[in-house]
Structures are given as structure tokens and as C-alpha cells.
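User: Please take me through the sheets, the helix packing and the unusual backbone geometry of this structure, one question at a time.

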Amino acid sequence: MAKQRVLILGSTGSIGQNSLEVLAGLRDRFEVVGLAAGSRWELLADQVARWKPPRVAVSCPEASESLRGAVEGTLCVHSGADAMVEMLGACDFDCVIVGVVGAAALAPTIRAVELGKRVAIANKESFVMAGALLSSLAETTGAQLMPVDSEHSAVFQAMHAGRAEDVQRVVLTASGGPFWDWPAEKISQATLADALQHPTWDMGPKITIDSATMMNKALEIVEARWLFGLRHDQIEVIIHPESIVHSLVEFLDGSMVAQLGTPDMRTPIQYALTYPARVACPSPHLDLAAIRKMTFHQPDTERFRSLAIGHEVARRGGTAGAVMNAANEAAVEMFRNGAIGFTDITVTVEEVLRRHSWSADPSLEELMRADAWARDEVLRCAACS
Ligand code: MG
């Protein structure tokens, strides 16, 4: 059987490194034909030495120069802002893992969907921005959108238990992040170090902060809305601090079907690659008797406004997703720089959404404009508060 040819976008990040660990166990089925990274050229050089892909994409020009100097033998290096899109167009591949953080993933994701490939999406931001566009494009080109986000992978798996029209609702589980049981007063004093302490998942800094504000779950509500064609009121969130049940689907007869597993991204990454096959995976298996009990709690939308924002954005569609995502990215960046406090992140996103002039059926250009406007508006908001 011919090997499947895989590209990894964001190979030096958390998803990318986990993807390579998964692929190390699947060398008989998959071949890495390209890697893409931002600026971490030393780690990328190690990955190139180990995996020997014929080409790489490096978005930071200085890093691409350093990489060229460090790598022996022939390697095609695409460089600059369009490097990932160039690489997608230049090589033959069957599947791409999109592990790039933030809105930067949008252009390469669209390109991969245009090419009609299997697109394993770990980047929720592109789906939040342009979910309607990506879904309809995938229908036209036959691209297979495979969720890698653990909750959406769980929903995708549970959906196989029934017909799409018989789904009553989808319940996304949330670890709740480090602050879910903190009083509002204490949350408002939270520092960057507090926000970076995730209780169950080991992830990059942006998504870890999103988990602490629960904006991650707001993004996931919108992601689920477009990935599975649900109405916003069919999507619920429940706090499940143990992160064992990765999400559930409830059907019309009241049966709930869940996917359980250890909190380990290698499982959903591998499933997105091998689907519909299931093969042995390096992540540890569950020991239910050792876990003994699992708990579920209603989220508090007063302390975590982001959940209400997520529902509202999923209901409105149009440009709302792009604005929410961009405002959040910019506000998280300001929090990381010490320019705003922790609770200002959500307040800012809500304020920017309120100020924005919504459009129902935006083109990609309009979405990009809404994204840029929202980032500027975050700076203006912060300047007057
Ligand atoms: Mg998730």
C-alpha cells in the first residue's frame, strides 16, 4: 500500500511535535513530505534531520536563512509570509495537519481545502473566522475536514452512533482551566503565571490563556457550529475538571454517546490521520478503576462571560466570528505583555463585538478587514480604559 503523504504546518509547536510523535509510530503508513514553522529554526533543523522532508516553509525570513545554513543536503525552503501557501501548491500530498496558532492558519487552511485534501484542523481560529466559507468550500472540492481539537474529535466520533438529523444536542466538556472555581474577586487579580497553569492539558501559551478565560470554549462553540452544521442552541458546555470525557452527543431518544480517553492530544491527532481505521497509539490507556469518579458542573456565565459571547457569535455568524477571534488574539497578546489585566481580556472582546458593524455573508476579503479592524479596535479600547 502506498504511503500517505503528510504535511505538518506548525511543526515546532505543541500540535506539531505531538503529530511527529504519532507519525513515528506510523512510518509504515505515512511519509512526511513537508514541515512548516515560524521562527524556531533550530528545532525545525532537528526535525528535518530526523524526518528528511524534501521541503519546508519558514515564515520568518531570518529564521529561513539560519535554517539554510544549518541543513546539509538538498532541501527546498519556502520563506516569508506566504511560505505555507506556496508549499501547499508546490508539493503532492494527501493530508495536512494544521497546527499553526491563530489567524495565520486561515490562508493555508483555505488553500488546502481548495486542493480537496484531508485537512486535519487543530487550529480552531480559522474555523471561528471563516467556518461558513470553509464548510461550503469543502463541499465543493471534496476536502475532508477532520477535527483535531479533542472535543470536536469526540463529537465527530460520537456522531457515528446515529444520523445527523437525529442529534438533539452536543455537549462540549471544559476542564474549566485553573480558575473555574475561583471567586470573581480573585480571578480579577490573576497573573500571567496563574493563567499559564493548566490543570490537565499541556498546550501552548495562547490556548492555555484561552482556557483560563474560557474563551477557548467560546471559540469551540463556534467551531462546532460550523464543523457539524448545528444551531447555536444545540451546543452546550459543561465543566468536567478531570478531562476524561472529551465531549458527548445526545440523540432524540435521550441516549448520550461520549468519547473518553486520557487528556493526550496524540489520540485525536492520530484519529484524524488514520480515520476510519484505529491503530495503537502512544498515549496511555484509561484505567477507570484508578480514576474512580468523574465530576460535572454547570458553568457560571456570570464569572465567565466568554461562554455567553461564544453563543451569541455562533448565533449571529457572518463577521462576528472573525471579530471575536481577532479581538481575543490581540487582547491575549496585551495581557501577556502586561498591558491589561486578566479580566480585561473578555471585557475587551465583548466591547469590540458591540462596536463592530456586522455583515451577514462576508467574503474572505471582508473577513480579513473585520479581523484587522478588531485588532486596531482592541488598541483603541485599551487606550481609553
Ligand atoms: Mg479543545
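**Helix contacts, sheets and backbone geometry**

Analyst: In this predicted model, Gln-17, Leu-20, Leu-23 and Ala-24 of helix 1 are in contact with Leu-43, Gln-47, Arg-50 and Trp-51 of helix 2. By class, the contact comprises five nonpolar, two polar and one charged residues.

User: What is the relative orientation of helix 1 and helix 2, given their crossing angle?

Analyst: The axes of helix 1 (residues 14-24) and helix 2 (residues 41-51) come within 13 Å and cross at roughly 15°. Angles under 35 degrees count as roughly parallel. Helix 1 is therefore, with respect to helix 2, roughly parallel.

User: Is the crossing of helix 1 and helix 2 left-handed or right-handed?

Analyst: The angle between the two axes is roughly 15°, and the angle alone leaves the hand to be stated. For helix 1 and helix 2 the crossing is left-handed.

User: Which strands stand at the edges of the sheet with the order 4-3-2-1-5-6-7?

Analyst: This open sheet has seven strands, and its pairing is parallel. An edge strand here has a single partner strand, so one side of it is left without a neighbour in the sheet. The edges are strand 4 (76-79) and strand 7 (144-147).

User: Which residue is the bridge partner of Ile-121 in strand 7?

Analyst: Strand 6 (residues 118-121) pairs with strand 7 in the parallel sense, over four bridges. The partner of Ile-121 in strand 7 is Pro-147.

User: Which strands does helix 1 touch, and what angle does its direction make with strand 1?

Analyst: Helix 1 packs on the sheet, where it touches strand 1 (4-9), strand 2 (30-37) and strand 5 (95-98). Its direction and that of strand 1 make an angle of about 160°.

User: How many residues of strand 2 are buried, and which of its residues stands opposite Ile-8?

Analyst: Strand 2 is mostly covered, with seven of its eight residues buried. Strand 2 pairs with strand 1 in the parallel sense over six bridges. Opposite Ile-8, in strand 2, stands Leu-35.

User: Which are the edge strands of the sheet with the order 9-8-10-11?

Analyst: Four strands form this open sheet, and the pairing is mixed. Each edge strand pairs on one side only. The edge strands are strand 9 (235-239) and strand 11 (256-260).

User: Which residue of strand 9 stands opposite Val-170?

Analyst: Strand 8 and strand 9 are paired in the parallel sense over five bridges. Val-170 has as its opposite residue in strand 9 Ile-235.

User: At what angle to strand 10 does helix 7 run?

Analyst: Helix 7 (residues 150-159) lies across strand 8, strand 10 (245-251) and strand 11. With respect to strand 10, helix 7 runs at about 40°.

User: Is Thr-173 buried or exposed?

Analyst: Thr-173 lies in strand 8 (residues 167-174). Its contacts, not counting residues up to four places away in sequence, include Glu-151, Lys-217, Ile-238 and His-240. Buried means under 20% relative accessible area. The value for Thr-173 is 5%, so Thr-173 is buried.

User: What is the relative orientation of helix 14 and helix 16, and which residues make the contact?

Analyst: Helix 14 (residues 305-316) and helix 16 (residues 344-355) pack at about 25° with their axes 10 Å apart. They are therefore roughly parallel to each other, and their crossing is left-handed. The contact is made by Arg-305, Ser-306, Ile-309 and Val-313 of helix 14 and, from helix 16, by Thr-346, Val-349, Glu-350 and Leu-353.

User: Which peptide bond is cis, with omega near 5°?

Analyst: Most residues other than glycine have a negative phi, and most peptide bonds are trans. Pro-276 is found in the loop between helix 12 (266-274) and helix 13 (288-291). The cis peptide bond runs from Tyr-275 to Pro-276.

User: What is the phi of Met-214, which is not a glycine?

Analyst: Met-214 is found in the loop between helix 10 (205-213) and helix 11 (215-227). At 2% relative accessibility, Met-214 counts as buried. Its phi is positive, at about 65°.

User: What is the phi of Ser-243?

Analyst: Ser-243 is found in the loop between strand 9 and strand 10. Ser-243 is buried, with a relative accessible area of 5%. Its phi is a positive value in a residue other than glycine, near 50°.

How values were computed. Residues are numbered from 1 along each chain as its sequence is written. This is a predicted model: local features need pLDDT of at least 70, side-chain atom pairs count only at pLDDT 80 or more; totals for chains, interfaces and linings use all residues. Side-chain values use heavy atoms; hydrogens and water are left out. Axes are lines fitted to C-alpha atoms, for helices over the stretch in contact, and angles run from 0 to 180 degrees between N-to-C directions. Helices (H or I, at least four residues) and strands (E, at least two) are DSSP runs, numbered from the N terminus. Angles under 35 degrees count as roughly parallel, over 145 as roughly antiparallel, 65 to 115 as roughly perpendicular and the rest as oblique. A crossing is left-handed if the near helix is turned anticlockwise from the far one by less than a right angle, and right-handed if clockwise. Contact means heavy atoms within 4.5 Å. Ala, Val, Leu, Ile, Met, Phe, Trp, Tyr, Cys and Pro count as nonpolar, Asp, Glu, Lys and Arg as charged, and the others, Gly among them, as polar. Buried means under 20% relative accessible area, exposed over 50%, partly exposed in between (1.4 Å probe, protein chains only). Two strands pair if DSSP finds at least two bridges between them.
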